[in-house]
2 protein chains.
Amino acid sequence: MRNLITDVPGLLVGHCHDEQRASGVSAVIFEAPARASLAVHGGAPGVRDTALLEPERTVQRVDALVLSGGSAFGLDAMGGVQAWLRSRGRGYAVGNVLVPIVPGAILFDLLNGGDKDWGEEPFYWYLGRLCCERAAADFGLGSVGAGYGATTADLKGGLGSASVLTSAGFHVGALVAVNALGTATIGGGPHFWAAPYEQGREFGGLGFPSSLPPEALAIRLKGDGAAASIGQNTTIAIVATDADLTKAEAKHVAVMAHDGMARALRPAHAAMDGDLVFAAATSTARQSPSPRELTEIGALAADCLARAIARAIYEATALPFPGALPSWRDRFDTLDRRGSLA
Amino acid sequence: MRNLITDVPGLLVGHCHDEQRASGVSAVIFEAPARASLAVHGGAPGVRDTALLEPERTVQRVDALVLSGGSAFGLDAMGGVQAWLRSRGRGYAVGNVLVPIVPGAILFDLLNGGDKDWGEEPFYWYLGRLCCERAAADFGLGSVGAGYGATTADLKGGLGSASVLTSAGFHVGALVAVNALGTATIGGGPHFWAAPYEQGREFGGLGFPSSLPPEALAIRLKGDGAAASIGQNTTIAIVATDADLTKAEAKHVAVMAHDGMARALRPAHAAMDGDLVFAAATSTARQSPSPRELTEIGALAADCLARAIARAIYEATALPFPGALPSWRDRFDTLDRRGSLA
């Protein structure tokens, strides 16, 4: 087990980012088309080709799912993935043409210090296409791909992932780009809200604080004190399983996975962010879950997403610009117990 | 402050239950019609007159909101509230008739040991009507109203409430009937998942456990080991504020309030439950929130809901039937520190 979404059989993940632009793209490429759906709980989402993901719509399966920086400009990235897949004979057959189905979502990272003047070139389209070339089972976390330019209210954001096996033997994993309106840590200290869900020391092993700091429940938002704070936020995620889910079941798993955001971020799901979760089923386990097994898949998808959010922050490094937000390690490095890991 | 939803100016709450039937009803009666909306995140909801609550629908305000036991039979309760309001000259005017708008939702408590053979009489209609007679600012928690017959996976469920004031001075409160598929306590111990959000010792002051019990993350569901477990669950809630919200803003507050369920229950929002949250704005503060203020209202509505869920379990008493689930106090009374409260 890699403790990555790629522990779910039937998918690979590719990342690409540009340091000068301080932005990037992450793509999940399914080895065979996967049933997928989406739940949007934020008030300001940015998406492409997601209407077909509703359970009552005709197309059942997607070829890839994409998370991108770049705000609405990042919606070009799905096109790059689509072009790459088409040239490899992938896609939904309509007569004798193949149309790869590549839904995706974006986050806002246009004010993070990077140079955003890429002119009229389809910058994100090229990043998306490059993600496909790099798709693999192994990948790094933190300031990577769609999380490269991401931030939270008080620390550098990033890209995270985690996985687990359900009691029935289904694989469940999460991939997330954390660009949250709020914070993943408690009251300005080193502890993560997601601590109760940590496996091993995947994000430092600090546990939950024995007593909460006085400011633990204060609402700290990105842009507090600044003029333009609306719309600079969004946590976008993909959860996946190898269970054979219907689209309706995938939609419900996406809804349940949002509980992981609720537990890992304070606050989440605001009118000012576009928090959303895609859920996909590769079906390689060739088995439909019972209602109880489906509930466990959803509950553990939420756990994986909470853990992935904390790992994203824990693994991130600060952007190399004056005034850039510090990373978790910049601020709390002396508390980092990774050295004591076996 | 009563630490009840009735701290929000402009509403009263009435409860009614029947001990023999082991079920009941709770109603929020607005002194003047309130803007309201709804977010359904569970897979098996039971509702009445909720289609009109979507932001794009015409009717803007409701006269009351109702939570009821009785599964789909409980959908009679809203009619009893409606009849009482009509006779007092309340309602949406259509020509010269008044139609009180009374949406509501139910929970499943038909297998809790109570006698459910009430024949063809509109049992819940009468309970609903009686709630109106009893509507007041003060009310008890625990085995009361819609929470009277409610259960969780391992302990008696119940009715809870909590309130808070936002930094901008808006009142926010929550009312909830907890009939959860999962559990509100951690791994079979006395600590509540909602502990980080506790104010004072409103649910015992035990805090978060210093180390998690080994079974903390096990998925424990109502009906595990029993033949028929599907559909016996649902946590239904109402959050309210005195801010002047649009229906769309109320919908978003309902979405955010669900994060309180996510934090207080494990799991929540399953395909097997009907978890949902109504949000209402009495508008008595005569002030629209800024985007930041709206985010704080939503975040604190989530906190209130998490606290209300824990209070519901903490204050409950077991049903007087053989084999009934124990209450939190039955199981953990020696740990109850209420005696040390000022």
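These are my notebook entries on cysteines, the contact between chain A and chain B, and one serine in a predicted model.

**Entry 1: cysteines**

I began with disulfides and found zero over all chains. I wanted to know why B:Cys16 has no bonded partner, so I looked up the closest cysteine sulfur. That sulfur belongs to B:Cys131 and lies 5.2 Å from the sulfur of B:Cys16, which is too far for a bond. The cut-off I need here is 2.5 Å between the two sulfur atoms. Next came B:Cys132, which is in no disulfide either. For B:Cys132 the nearest cysteine sulfur is again that of B:Cys131, this time 6.7 Å away.

I also checked exposure. B:Cys16 is buried, at a relative accessible area of 2%. B:Cys132 comes out at 3%, so I put it down as buried too.

**Entry 2: where chain A meets chain B**

How many residues does each chain bring to the contact? I get 38 from chain A and 37 from chain B. Between them the two chains bury about 3100 Å², and 62% of that is on carbon and sulfur atoms.

Then I went through the polar side of things. There are four salt bridges between chain A and chain B. I pulled up one of them, in which the side chains of A:Asp303 and B:Arg266 meet at 2.7 Å, N to O. My count of residue pairs in polar contact across the two chains is 18, with both residues at pLDDT 80 or more.

Which helices of chain A supply at least two residues each to the side that touches chain B? I noted helix H3 (247-264) and helix H4 (291-315). H4(A) gives the largest share of that side, with eight residues. Sorting the residues on the chain A side by kind, I have 23 nonpolar, seven polar and eight charged.

**Entry 3: B:Ser163**

Last, I looked at a single residue in chain B. B:Ser163 sits in strand S8, which covers residues 158-165 of that chain. Is B:Ser163 buried or exposed? Its relative accessible area is 7%, so I call it buried.

I listed what B:Ser163 touches, leaving out residues up to four places away in sequence. From the low-numbered part of my list I have B:Met1, B:Asn3, B:Leu4 and B:Asp7. The list also holds B:Val172 and B:Gly173, and then B:Cys304 and B:Arg307.

Key
Residues are numbered from 1 along each chain as its sequence is written. Chains are lettered from A and ligands numbered from 1 in the order in which they are written. This is a predicted model: local features need pLDDT of at least 70, side-chain atom pairs count only at pLDDT 80 or more; totals for chains, interfaces and linings use all residues. Side-chain values use heavy atoms; hydrogens and water are left out. Buried means under 20% relative accessible area, exposed over 50%, partly exposed in between (1.4 Å probe, protein chains only). Contact means heavy atoms within 4.5 Å. Buried area is the accessible area (1.4 Å probe) that two parts lose on being put together, summed over both. A polar contact is a pair of N or O atoms within 3.5 Å; within protein, one must be able to donate a hydrogen and the other to accept it, and residues adjacent in sequence count only if both atoms are side-chain atoms. Helices (H or I, at least four residues) and strands (E, at least two) are DSSP runs, numbered from the N terminus. Ala, Val, Leu, Ile, Met, Phe, Trp, Tyr, Cys and Pro count as nonpolar, Asp, Glu, Lys and Arg as charged, and the others, Gly among them, as polar.
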